[in-house]
Amino acid sequence: MTEPTITTLEDAAAVSSAVAQHVAQAIQAKPKLTLGLATGNTFRAIYADLVALYEKGGFSLAQAKAFNLDEYVGLAADHPASFATYMKQHLFNHVDFAPGAARLPEVAGGDIAAACAAYEQAIATAGGIDLQLLGIGRNGHIGFNEPGSPFDSRTREVALTASTQSANAVDFPPGEAVPPTAATMGIGSILDAREIVLVVTGAHKAEALHRAFHADPSIDCPASALHRHHNVHVFCDKAAAGL
Ligand code: F6R
């Protein structure tokens, strides 16, 4: 078991600023960095801080690549609740990634298994992920790897739990159901990244963070697979670190 580096800061704003600076420094050190990106509430402020650093002239993403963790199956990329739309709104429209260099699983339709395999291949062709950003679900999920996901899983279509569907329902237009499945990088795909940054804020995530690193690794808590990685940096606020 390898211990993560843990940075505990006062509040979510301090965490987001520190994570944005960490990412900016990684890009400055390696302009051809390949990033693994996440969506969700936690990352809105982080991307806003990263865009602010970019606008100050801190770095360029012109040579970088990015692969998002996950996307809903069956949603068009321009659907308001797709992760593609989220990424455009919060990051891609504001920075200088080259066209096609920042990708998500393309699973609006067609052969989903083939699209997942192609995504794994694209990550491998890019030389693997240098820096993977991760959030955590209240149930310990990482990406959309829900409890029960094998630690060696790869990019694939997964069923979303009722709790994940209800947590994400706010992003959908009123009356529109959250898709029952998504494509997600697997836990094995995530563990292949050379560095992993896990961001955890809020008292509602304290139990998940505690289970991830203070209980025996188990597929009941997907984030506990991070024990197997030698280069994990956790950024959390005091509320999340409460347990
Ligand atoms: C999003 C993702 C999810 C979220 C997690 C936390 O791409 O992969 O695992 O990181 O659900 O979401 P928030 O930040 O909304 O609490």
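Reader: Hi! Let's start with Leu-91: is Leu-91 buried or exposed?
Author: Leu-91 counts as buried, because its relative accessibility is 1%. Buried here means under 20% relative accessible area, exposed is over 50% and partly exposed is in between, using a 1.4 Å probe and protein chains only. This is a predicted model, in which local features need pLDDT of at least 70 and side-chain atom pairs count only at pLDDT 80 or more, while totals for chains, interfaces and linings use all residues. Residues are numbered from 1 along each chain as its sequence is written, and side-chain values use heavy atoms, with hydrogens and water left out.

Reader: Thanks! Where is Leu-91 found, and which residues is Leu-91 in contact with?
Author: Leu-91 sits in the loop between helix 3 and strand 5. Helices (H or I, at least four residues) and strands (E, at least two) are DSSP runs, numbered from the N terminus. Beyond its neighbours within four places in sequence, Leu-91 has contacts to Leu-37, Tyr-47, Leu-50, Val-51 and Phe-97. Contact means heavy atoms within 4.5 Å.

Reader: And how far apart in space are Leu-91 and Ile-6?
Author: From C-alpha to C-alpha, Leu-91 and Ile-6 are 26 Å apart, with their positions 85 residues apart in sequence.

Reader: Leu-50 next. Where does Leu-50 lie, and what does Leu-50 touch?
Author: Leu-50 belongs to helix 2. Setting aside residues up to four places away in sequence, Leu-50 touches Ala-20, Val-23, Ala-24, Phe-59 and Leu-91. Leu-50 is buried too, as its relative accessible area is 4%. Its C-alpha is 16 Å from that of Lys-30, which is 20 residues away in sequence.

Reader: How do helix 2 and helix 3 cross?
Author: Two packed helices are described by the angle between their axes and the distance between the axes. The axes of helix 2 (residues 41–55) and helix 3 (residues 83–90) cross at roughly 35° and come within 9 Å. Those axes are lines fitted to C-alpha atoms, for helices over the stretch in contact, and angles run from 0 to 180 degrees between N-to-C directions.

Reader: Which residues of helix 2 and helix 3 make the contact?
Author: Helix 2 brings Phe-43, Arg-44, Tyr-47 and Val-51, and helix 3 brings Tyr-86, Met-87 and His-90. By class, the contact has five nonpolar, one polar and one charged residues. In this scheme Ala, Val, Leu, Ile, Met, Phe, Trp, Tyr, Cys and Pro are nonpolar, Asp, Glu, Lys and Arg are charged, and the others, Gly among them, are polar.

Reader: Now some acids. Is Asp-70 buried or exposed?
Author: Asp-70 is buried, since its relative accessible area is 5%. Asp-70 lies in strand 4 (residues 70–72). Apart from neighbours within four places in sequence, its contacts are Thr-39, Phe-83, Leu-104, Pro-105, Gly-143, Phe-144, Ala-183 and Thr-184. The C-alpha atoms of Asp-70 and Ser-82 are separated by 9.9 Å, at 12 residues apart along the chain.

Reader: What about Glu-120: buried or exposed?
Author: Glu-120 is buried, given a relative accessibility of 17%. Its place is in helix 4. Not counting residues up to four places away in sequence, Glu-120 touches Arg-154, Thr-155 and Ser-189.

Reader: And where does Ala-108 lie?
Author: Ala-108 is in the loop between strand 5 (102–103) and helix 4 (112–125). Its relative accessibility is 44%, so Ala-108 counts as partly exposed. Outside its neighbours within four places in sequence, Ala-108 has contacts to Gly-74, Leu-75 and Ala-76. The C-alpha of Leu-75 is 5.0 Å from that of Ala-108, although they are 33 residues apart along the chain.

Reader: I'm picking a buffer, so cysteines: how many disulfides does the structure hold?
Author: Zero disulfides, a disulfide being a pair of cysteine sulfur atoms within 2.5 Å.

Reader: Why does Cys-221 have no bond to the closest cysteine?
Author: The closest cysteine sulfur, in Cys-236, is 15 Å from the sulfur of Cys-221, so it is too far for a bond. Cys-221 is buried, with a relative accessible area of 3%, and Cys-116 counts as buried at 2% relative accessibility.

Reader: Last topic, the whole protein. How many helices and strands are there?
Author: The protein has seven helices and 10 strands. Of its 243 residues, 53% count as buried. Among contacts between residues at least 6 apart in sequence, 81% join residues at least 24 apart.

Reader: And what is the radius of gyration of the protein?
Author: The radius of gyration is 17 Å, which agrees with the value near 18 Å for a compact globule with 243 residues. That radius is taken over C-alpha atoms, and the globule rule is 2.2 Å times the number of residues to the power 0.38. Along the principal axes, the C-alpha atoms fill a box of roughly 45 × 45 × 35 Å.
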